[in-house]
There are 2 protein chains.
Amino acid sequence: MKISSRFTVAVHILALLALEKNAHCTSEWIAGSVNTNPVVVRRVIGQLKKAGFVQVRPGTGGAFLTKDTQEITLLDIYRAAEVVEGGELFQIHEHPNPKCPVGANIQAVLEVILLRAQEAMENVLREIRLHDIVTALAQKIEANRP
Amino acid sequence: MKISSRFTVAVHILALLALEKNAHCTSEWIAGSVNTNPVVVRRVIGQLKKAGFVQVRPGTGGAFLTKDTQEITLLDIYRAAEVVEGGELFQIHEHPNPKCPVGANIQAVLEVILLRAQEAMENVLREIRLHDIVTALAQKIEANRP
DNA sequence: CATGTTGTAACTACAATGGTTACAAGAGGA
DNA sequence: TCCTCTTGTAACCATTGTAGTTACAACATG
(Lines give C-alpha, C1' and ligand atoms only; values in the text may rest on other atoms or scores of the structure.)
Protein backbone atom coordinates (compact mmCIF):
# COMPACT_ATOMS: atom_id res chain seq x y z
CA MET A 1 0.00 0.00 0.00
CA LYS A 2 1.36 3.35 -0.99
CA ILE A 3 1.36 6.49 1.13
CA SER A 4 -1.83 8.39 0.34
CA SER A 5 -1.72 11.07 -2.33
CA ARG A 6 -3.21 13.41 0.28
CA PHE A 7 0.38 14.26 1.06
CA THR A 8 1.38 15.33 -2.43
CA VAL A 9 -1.96 17.07 -2.90
CA ALA A 10 -1.18 19.08 0.23
CA VAL A 11 2.22 20.04 -1.13
CA HIS A 12 0.60 21.00 -4.43
CA ILE A 13 -1.90 23.23 -2.66
CA LEU A 14 0.69 24.97 -0.52
CA ALA A 15 2.98 25.54 -3.51
CA LEU A 16 0.04 27.00 -5.37
CA LEU A 17 -0.77 29.37 -2.53
CA ALA A 18 2.87 30.44 -2.38
CA LEU A 19 3.18 31.09 -6.11
CA GLU A 20 -0.23 32.67 -6.61
CA LYS A 21 -0.31 34.95 -3.62
CA ASN A 22 -2.62 37.42 -5.30
CA ALA A 23 -5.13 35.05 -6.78
CA HIS A 24 -8.46 34.29 -5.16
CA CYS A 25 -7.62 30.72 -4.20
CA THR A 26 -10.97 29.05 -3.75
CA SER A 27 -11.28 25.30 -3.35
CA GLU A 28 -12.87 25.17 -6.80
CA TRP A 29 -9.93 27.00 -8.35
CA ILE A 30 -7.35 24.87 -6.55
CA ALA A 31 -9.23 21.72 -7.51
CA GLY A 32 -8.85 22.83 -11.12
CA SER A 33 -5.08 22.77 -10.78
CA VAL A 34 -4.88 19.54 -8.79
CA ASN A 35 -7.57 18.02 -10.99
CA THR A 36 -9.79 16.67 -8.27
CA ASN A 37 -12.97 17.52 -6.46
CA PRO A 38 -13.29 20.79 -4.50
CA VAL A 39 -14.40 18.87 -1.42
CA VAL A 40 -11.20 16.85 -1.50
CA VAL A 41 -9.29 20.13 -1.54
CA ARG A 42 -11.30 21.51 1.35
CA ARG A 43 -10.59 18.43 3.39
CA VAL A 44 -6.86 18.78 2.87
CA ILE A 45 -7.01 22.50 3.55
CA GLY A 46 -8.80 21.69 6.77
CA GLN A 47 -5.78 19.66 7.86
CA LEU A 48 -3.39 22.42 6.77
CA LYS A 49 -5.42 24.88 8.83
CA LYS A 50 -5.18 22.63 11.86
CA ALA A 51 -1.42 22.58 11.36
CA GLY A 52 -1.39 26.38 11.21
CA PHE A 53 -0.04 26.67 7.68
CA VAL A 54 -3.00 28.40 6.04
CA GLN A 55 -6.13 30.35 6.78
CA VAL A 56 -9.31 30.71 4.83
CA ARG A 57 -11.10 34.03 4.39
CA PRO A 58 -14.54 33.54 5.85
CA GLY A 59 -17.55 34.24 3.64
CA THR A 60 -15.81 35.36 0.51
CA GLY A 61 -13.50 32.37 0.55
CA GLY A 62 -9.97 31.82 -0.60
CA ALA A 63 -7.04 30.28 1.27
CA PHE A 64 -3.68 31.89 1.93
CA LEU A 65 -0.42 30.97 3.64
CA THR A 66 0.14 32.12 7.20
CA LYS A 67 3.73 30.96 7.44
CA ASP A 68 6.82 31.69 5.49
CA THR A 69 7.70 29.03 2.93
CA GLN A 70 11.04 28.67 4.74
CA GLU A 71 9.27 27.65 7.89
CA ILE A 72 7.40 24.66 6.48
CA THR A 73 9.23 21.40 5.80
CA LEU A 74 7.89 18.50 3.79
CA LEU A 75 7.88 16.52 7.01
CA ASP A 76 5.54 19.11 8.53
CA ILE A 77 3.19 18.68 5.60
CA TYR A 78 3.54 14.90 5.72
CA ARG A 79 2.54 14.92 9.37
CA ALA A 80 -0.30 17.37 8.78
CA ALA A 81 -1.73 15.14 6.07
CA GLU A 82 -1.84 12.22 8.53
CA VAL A 83 -1.05 9.70 5.86
CA VAL A 84 0.21 7.02 8.27
CA GLU A 85 -1.80 6.38 11.40
CA GLY A 86 0.03 7.10 14.60
CA GLY A 87 3.01 8.29 12.58
CA GLU A 88 4.34 4.73 12.39
CA LEU A 89 5.17 3.71 8.85
CA PHE A 90 5.57 -0.03 9.44
CA GLN A 91 2.89 -2.26 10.79
CA ILE A 92 4.31 -5.00 12.98
CA HIS A 93 2.07 -8.06 13.21
CA GLU A 94 0.41 -8.15 16.61
CA HIS A 95 0.16 -10.85 19.25
CA PRO A 96 2.86 -13.28 18.14
CA ASN A 97 2.98 -16.34 20.37
CA PRO A 98 4.74 -15.36 23.62
CA LYS A 99 5.48 -19.02 24.30
CA CYS A 100 7.65 -19.23 21.20
CA PRO A 101 11.13 -17.74 21.68
CA VAL A 102 10.91 -16.02 18.31
CA GLY A 103 7.35 -14.85 18.82
CA ALA A 104 8.22 -13.45 22.22
CA ASN A 105 11.08 -11.30 20.98
CA ILE A 106 10.57 -10.50 17.31
CA GLN A 107 8.57 -7.36 17.95
CA ALA A 108 11.23 -5.72 20.11
CA VAL A 109 13.93 -6.58 17.59
CA LEU A 110 11.99 -5.26 14.62
CA GLU A 111 10.70 -2.15 16.33
CA VAL A 112 14.06 -0.46 16.69
CA ILE A 113 15.19 -1.30 13.17
CA LEU A 114 12.00 -0.24 11.46
CA LEU A 115 11.87 2.98 13.44
CA ARG A 116 15.37 3.72 12.21
CA ALA A 117 14.30 3.13 8.61
CA GLN A 118 11.28 5.35 9.08
CA GLU A 119 13.39 8.11 10.58
CA ALA A 120 15.84 7.97 7.68
CA MET A 121 12.95 8.63 5.34
CA GLU A 122 11.54 11.40 7.50
CA ASN A 123 14.93 13.06 7.78
CA VAL A 124 14.99 13.56 4.03
CA LEU A 125 11.54 15.12 4.17
CA ARG A 126 12.67 17.32 7.04
CA GLU A 127 15.49 18.73 4.95
CA ILE A 128 13.20 19.98 2.20
CA ARG A 129 11.24 23.15 2.74
CA LEU A 130 8.22 24.44 0.89
CA HIS A 131 10.53 27.21 -0.26
CA ASP A 132 12.69 24.65 -2.07
CA ILE A 133 9.66 23.22 -3.84
CA VAL A 134 8.52 26.65 -4.91
CA THR A 135 11.99 27.55 -6.15
CA ALA A 136 12.28 24.33 -8.14
CA LEU A 137 8.83 24.92 -9.60
CA ALA A 138 9.66 28.50 -10.58
CA GLN A 139 12.80 27.29 -12.33
CA LYS A 140 10.92 24.66 -14.30
CA ILE A 141 8.20 27.11 -15.20
CA GLU A 142 10.80 29.55 -16.44
CA ALA A 143 12.58 26.84 -18.43
CA ASN A 144 9.35 25.72 -20.11
CA ARG A 145 8.37 29.23 -21.13
CA PRO A 146 8.09 29.42 -24.92
CA MET B 1 -1.92 3.73 5.67
CA LYS B 2 0.82 1.61 7.14
CA ILE B 3 3.08 -0.81 5.30
CA SER B 4 1.44 -4.23 5.44
CA SER B 5 2.41 -6.59 8.23
CA ARG B 6 3.15 -9.16 5.52
CA PHE B 7 6.66 -7.77 5.67
CA THR B 8 7.22 -8.38 9.37
CA VAL B 9 5.46 -11.72 9.14
CA ALA B 10 7.94 -12.68 6.42
CA VAL B 11 10.85 -11.68 8.64
CA HIS B 12 9.33 -13.64 11.50
CA ILE B 13 9.02 -16.75 9.34
CA LEU B 14 12.56 -16.55 8.02
CA ALA B 15 13.98 -16.00 11.49
CA LEU B 16 12.03 -18.99 12.68
CA LEU B 17 13.40 -21.17 9.90
CA ALA B 18 16.90 -20.00 10.71
CA LEU B 19 16.64 -20.65 14.43
CA GLU B 20 14.73 -23.91 14.19
CA LYS B 21 16.67 -25.60 11.43
CA ASN B 22 15.81 -29.05 12.67
CA ALA B 23 12.12 -28.63 13.34
CA HIS B 24 9.46 -29.74 10.90
CA CYS B 25 8.33 -26.25 9.94
CA THR B 26 4.85 -26.72 8.58
CA SER B 27 2.58 -23.78 7.86
CA GLU B 28 0.45 -24.84 10.79
CA TRP B 29 3.41 -24.83 13.14
CA ILE B 30 4.68 -21.47 11.88
CA ALA B 31 1.20 -20.01 12.14
CA GLY B 32 1.27 -20.98 15.81
CA SER B 33 4.32 -18.80 16.38
CA VAL B 34 3.12 -15.86 14.29
CA ASN B 35 -0.38 -16.30 15.67
CA THR B 36 -2.26 -16.22 12.43
CA ASN B 37 -3.88 -18.58 9.96
CA PRO B 38 -1.83 -21.28 8.19
CA VAL B 39 -3.05 -20.06 4.82
CA VAL B 40 -1.67 -16.61 5.53
CA VAL B 41 1.67 -18.23 6.25
CA ARG B 42 1.54 -20.27 3.06
CA ARG B 43 0.86 -17.17 1.05
CA VAL B 44 3.89 -15.40 2.47
CA ILE B 45 6.02 -18.50 2.04
CA GLY B 46 4.91 -18.57 -1.57
CA GLN B 47 6.43 -15.13 -2.03
CA LEU B 48 9.61 -16.15 -0.23
CA LYS B 49 9.87 -19.14 -2.54
CA LYS B 50 9.52 -16.91 -5.56
CA ALA B 51 12.36 -14.81 -4.18
CA GLY B 52 14.49 -17.93 -3.78
CA PHE B 53 14.88 -17.71 0.00
CA VAL B 54 13.11 -20.92 0.97
CA GLN B 55 11.90 -24.21 -0.38
CA VAL B 56 9.11 -26.45 0.78
CA ARG B 57 9.43 -30.22 0.98
CA PRO B 58 6.76 -31.62 -1.31
CA GLY B 59 4.26 -34.05 0.13
CA THR B 60 5.56 -34.26 3.65
CA GLY B 61 5.69 -30.49 4.01
CA GLY B 62 7.94 -28.17 5.95
CA ALA B 63 9.84 -25.12 4.75
CA PHE B 64 13.57 -24.52 5.03
CA LEU B 65 16.03 -21.79 4.11
CA THR B 66 17.97 -22.14 0.86
CA LYS B 67 20.22 -19.14 1.44
CA ASP B 68 22.64 -18.18 4.12
CA THR B 69 21.22 -15.69 6.64
CA GLN B 70 24.08 -13.38 5.67
CA GLU B 71 22.84 -13.28 2.10
CA ILE B 72 19.36 -11.98 2.83
CA THR B 73 18.81 -8.33 3.69
CA LEU B 74 15.65 -6.85 5.11
CA LEU B 75 15.29 -4.96 1.86
CA ASP B 76 15.25 -8.27 -0.01
CA ILE B 77 12.45 -9.48 2.26
CA TYR B 78 10.64 -6.15 1.96
CA ARG B 79 10.72 -6.45 -1.82
CA ALA B 80 9.70 -10.09 -1.76
CA ALA B 81 6.67 -9.28 0.37
CA GLU B 82 5.53 -6.75 -2.24
CA VAL B 83 4.10 -4.43 0.37
CA VAL B 84 4.16 -1.34 -1.85
CA GLU B 85 2.97 -1.72 -5.41
CA GLY B 86 5.59 -1.05 -8.03
CA GLY B 87 8.13 -0.50 -5.27
CA GLU B 88 7.14 3.16 -5.03
CA LEU B 89 6.39 4.20 -1.50
CA PHE B 90 4.75 7.53 -2.24
CA GLN B 91 1.69 7.95 -4.34
CA ILE B 92 1.81 11.17 -6.35
CA HIS B 93 -1.61 12.46 -7.34
CA GLU B 94 -2.15 11.83 -11.03
CA HIS B 95 -3.24 14.08 -13.86
CA PRO B 96 -2.71 17.54 -12.36
CA ASN B 97 -3.80 20.27 -14.75
CA PRO B 98 -1.08 20.67 -17.41
CA LYS B 99 -2.37 24.16 -18.17
CA CYS B 100 -1.53 25.34 -14.67
CA PRO B 101 2.18 26.10 -14.18
CA VAL B 102 2.17 24.32 -10.84
CA GLY B 103 0.13 21.39 -12.09
CA ALA B 104 2.41 20.96 -15.07
CA ASN B 105 5.59 20.72 -13.00
CA ILE B 106 4.75 19.51 -9.52
CA GLN B 107 5.09 15.82 -10.35
CA ALA B 108 8.62 16.14 -11.68
CA VAL B 109 9.68 18.19 -8.67
CA LEU B 110 8.17 15.80 -6.15
CA GLU B 111 9.29 12.64 -7.86
CA VAL B 112 12.99 13.17 -7.28
CA ILE B 113 12.56 14.25 -3.68
CA LEU B 114 10.22 11.45 -2.69
CA LEU B 115 12.39 8.89 -4.39
CA ARG B 116 15.28 10.16 -2.30
CA ALA B 117 13.24 9.78 0.87
CA GLN B 118 12.21 6.28 -0.13
CA GLU B 119 15.79 5.31 -0.85
CA ALA B 120 16.96 6.59 2.51
CA MET B 121 14.48 4.24 4.14
CA GLU B 122 15.45 1.34 1.91
CA ASN B 123 19.13 1.90 2.57
CA VAL B 124 18.55 1.24 6.27
CA LEU B 125 16.75 -1.98 5.41
CA ARG B 126 19.55 -2.95 3.05
CA GLU B 127 22.08 -2.68 5.84
CA ILE B 128 20.31 -5.21 8.03
CA ARG B 129 20.67 -8.89 7.25
CA LEU B 130 18.55 -11.78 8.41
CA HIS B 131 21.67 -12.85 10.27
CA ASP B 132 21.51 -9.68 12.37
CA ILE B 133 17.89 -10.35 13.26
CA VAL B 134 18.66 -13.91 14.26
CA THR B 135 21.62 -12.80 16.36
CA ALA B 136 19.56 -10.14 18.11
CA LEU B 137 16.81 -12.67 18.75
CA ALA B 138 19.25 -15.21 20.14
CA GLN B 139 20.64 -12.60 22.53
CA LYS B 140 17.19 -11.64 23.78
CA ILE B 141 16.20 -15.28 24.15
CA GLU B 142 19.36 -15.92 26.17
CA ALA B 143 18.76 -12.85 28.33
CA ASN B 144 15.17 -13.87 29.08
CA ARG B 145 16.11 -17.40 30.07
CA PRO B 146 15.11 -17.99 33.69
C1' DC C 1 -3.69 -47.10 0.91
C1' DA C 2 -4.14 -43.78 4.69
C1' DT C 3 -2.25 -39.65 6.46
C1' DG C 4 -0.65 -35.14 6.58
C1' DT C 5 0.74 -31.16 4.02
C1' DT C 6 0.74 -27.86 0.34
C1' DG C 7 -0.97 -24.52 -3.12
C1' DT C 8 -4.71 -22.15 -4.56
C1' DA C 9 -9.31 -20.53 -5.20
C1' DA C 10 -13.15 -18.44 -3.24
C1' DC C 11 -15.35 -16.02 0.11
C1' DT C 12 -15.77 -12.79 4.07
C1' DA C 13 -15.26 -8.63 7.08
C1' DC C 14 -13.07 -4.52 7.59
C1' DA C 15 -10.71 -0.25 6.74
C1' DA C 16 -8.79 3.57 3.96
C1' DT C 17 -9.10 6.17 -0.15
C1' DG C 18 -10.92 9.37 -3.22
C1' DG C 19 -14.90 11.05 -5.41
C1' DT C 20 -19.60 12.88 -5.15
C1' DT C 21 -23.98 15.25 -3.66
C1' DA C 22 -26.21 18.09 -0.47
C1' DC C 23 -26.87 21.76 2.56
C1' DA C 24 -26.66 25.06 6.51
C1' DA C 25 -23.95 29.08 7.73
C1' DG C 26 -21.53 33.14 6.78
C1' DA C 27 -19.68 37.35 4.35
C1' DG C 28 -19.90 40.78 0.97
C1' DG C 29 -21.86 43.30 -3.07
C1' DA C 30 -25.88 45.13 -5.60
C1' DT D 1 -32.34 43.64 2.46
C1' DC D 2 -31.56 40.17 -0.67
C1' DC D 3 -28.64 37.61 -3.80
C1' DT D 4 -24.54 35.22 -4.72
C1' DC D 5 -20.53 32.83 -3.66
C1' DT D 6 -17.82 30.05 -0.70
C1' DT D 7 -16.88 27.13 3.16
C1' DG D 8 -17.20 23.18 6.34
C1' DT D 9 -19.20 19.03 7.11
C1' DA D 10 -22.04 15.08 6.80
C1' DA D 11 -23.44 11.32 4.20
C1' DC D 12 -22.93 8.11 0.75
C1' DC D 13 -20.52 5.30 -2.80
C1' DA D 14 -17.20 2.46 -5.45
C1' DT D 15 -12.79 0.66 -5.31
C1' DT D 16 -8.94 -1.44 -3.32
C1' DG D 17 -5.87 -3.82 -0.05
C1' DT D 18 -5.64 -6.55 4.07
C1' DA D 19 -6.15 -10.50 6.79
C1' DG D 20 -8.70 -14.32 8.06
C1' DT D 21 -11.36 -18.45 6.82
C1' DT D 22 -13.17 -22.68 4.43
C1' DA D 23 -12.56 -26.02 1.03
C1' DC D 24 -10.28 -29.12 -1.86
C1' DA D 25 -7.34 -31.35 -5.42
C1' DA D 26 -2.62 -32.94 -5.71
C1' DC D 27 1.16 -35.21 -3.80
C1' DA D 28 4.88 -37.66 -1.12
C1' DT D 29 5.81 -40.79 2.55
C1' DG D 30 5.20 -44.44 5.96
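A polar contact is a pair of N or O atoms within 3.5 Å. With that in hand, the protein–DNA surface of this predicted model can be explored. A good place to begin is Arg43(A), where an N or O atom of the side chain sits 2.8 Å from a base nitrogen of DNA strand C. Chain B reaches a base of this strand too: a polar side-chain atom of Arg42(B) is found 2.9 Å from a base oxygen of DNA strand C. The backbone also takes part, as a polar backbone atom of Gly62(B) lies 3.3 Å from a phosphate oxygen of DNA strand C.

Stepping back from single contacts, 23 residues surround DNA strand C, and those that come nearest are Ser4(A), Ser5(A), Thr36(A), Ser27(B) and Lys49(B). Among the atoms of DNA strand C within 4 Å of the protein, 62% are part of sugar or phosphate, while the rest are part of bases. Sorted by class, the surface near DNA strand C holds twelve polar, six nonpolar and five charged residues. Helix α3, spanning 38-50 in chain A and 38-50 in chain B, supplies at least two residues of this surface from each chain. The top contributor is α3(B), which gives four residues to the surface near DNA strand C.

The second strand can be described in a similar way. Around DNA strand D there are 23 residues, of which Ser27(A), Lys49(A), Ser4(B), Ser5(B) and Thr36(B) come nearest. Of the atoms of DNA strand D that come within 4 Å of the protein, sugar and phosphate make up 62%. Several side chains of chain B meet the phosphates here. A phosphate oxygen of DNA strand D lies 2.6 Å from an N or O atom in the side chain of Thr36(B), and another such pair, at 2.7 Å, joins a polar side-chain atom of Ser4(B) to a phosphate oxygen of DNA strand D. Arg6(B) likewise places a polar side-chain atom 3.3 Å from a phosphate oxygen of DNA strand D. The elements giving two or more residues to the surface near DNA strand D are α3 of chain A and α3 of chain B. For DNA strand D the most comes from α3(A), with four residues. By class, this surface has five charged, six nonpolar and twelve polar residues.

Next comes a pair of asparagines. Asn37(A) belongs to the loop that links α2 (27-34) to α3 in chain A. Its relative accessibility is 40%, so Asn37(A) counts as partly exposed. The side chain of Asn37(A) reaches forward to the backbone nitrogen of Val39(A), at 2.9 Å. Looking back along the chain, Asn37(A) and Ser27(A) are ten residues apart, and their C-alpha atoms are separated by 8.6 Å.

Asn105(B), by contrast, is part of helix α5 (residues 101-127) of chain B. With a relative accessible area of 6%, Asn105(B) is buried, since buried means under 20%. The side chain of Asn105(B) comes within reach of the backbone oxygen of Pro101(B), at 2.8 Å. Apart from neighbours within four places in sequence, the residues in contact with Asn105(B) are Leu137(A), Lys140(A), Ile141(A) and Asn144(A).

Another enclosed part of the structure is helix α4 (residues 74-81) of chain A. Six of its eight residues are buried, so α4(A) is largely enclosed by the rest of the structure. These buried residues are Leu74(A), Leu75(A), Ile77(A), Tyr78(A), Ala80(A) and Ala81(A). Their cover includes α1 (6-19), α3, α5 (101-127) and α6 (130-143) of chain A, along with α5 of chain B. After α4(A) comes Glu82(A), which has a positive phi, near 50 degrees.

Finally, the cysteines deserve a look. A disulfide is a covalent bond between the sulfur atoms of two cysteines. How many disulfides does a search of the whole structure find? The count over all chains is zero. Cys25(B) is in no disulfide, and the nearest cysteine sulfur, belonging to Cys100(A), is 10 Å away. Cys25(B) is also buried, its relative accessible area being 3%. Cys100(B) is in no disulfide either, as the nearest cysteine sulfur, that of Cys25(A), lies 10 Å away. At 12% relative accessibility, Cys100(B) is counted as buried.

Conventions. Residues numbered from 1 in each chain as written. Chains lettered and ligands numbered in written order. Predicted model: local features only at pLDDT ≥ 70, side-chain atom pairs only at ≥ 80, totals over all residues. Heavy atoms only, no water. Near = heavy atom within 4 Å. Polar contact = N/O pair within 3.5 Å; in protein donor to acceptor, adjacent residues only side chain to side chain. Nonpolar A, V, L, I, M, F, W, Y, C, P; charged D, E, K, R; others polar. Buried < 20%, exposed > 50% of the residue type's maximum accessible area, 1.4 Å probe, protein only. Contact = heavy atoms within 4.5 Å. Disulfide = S-S within 2.5 Å.
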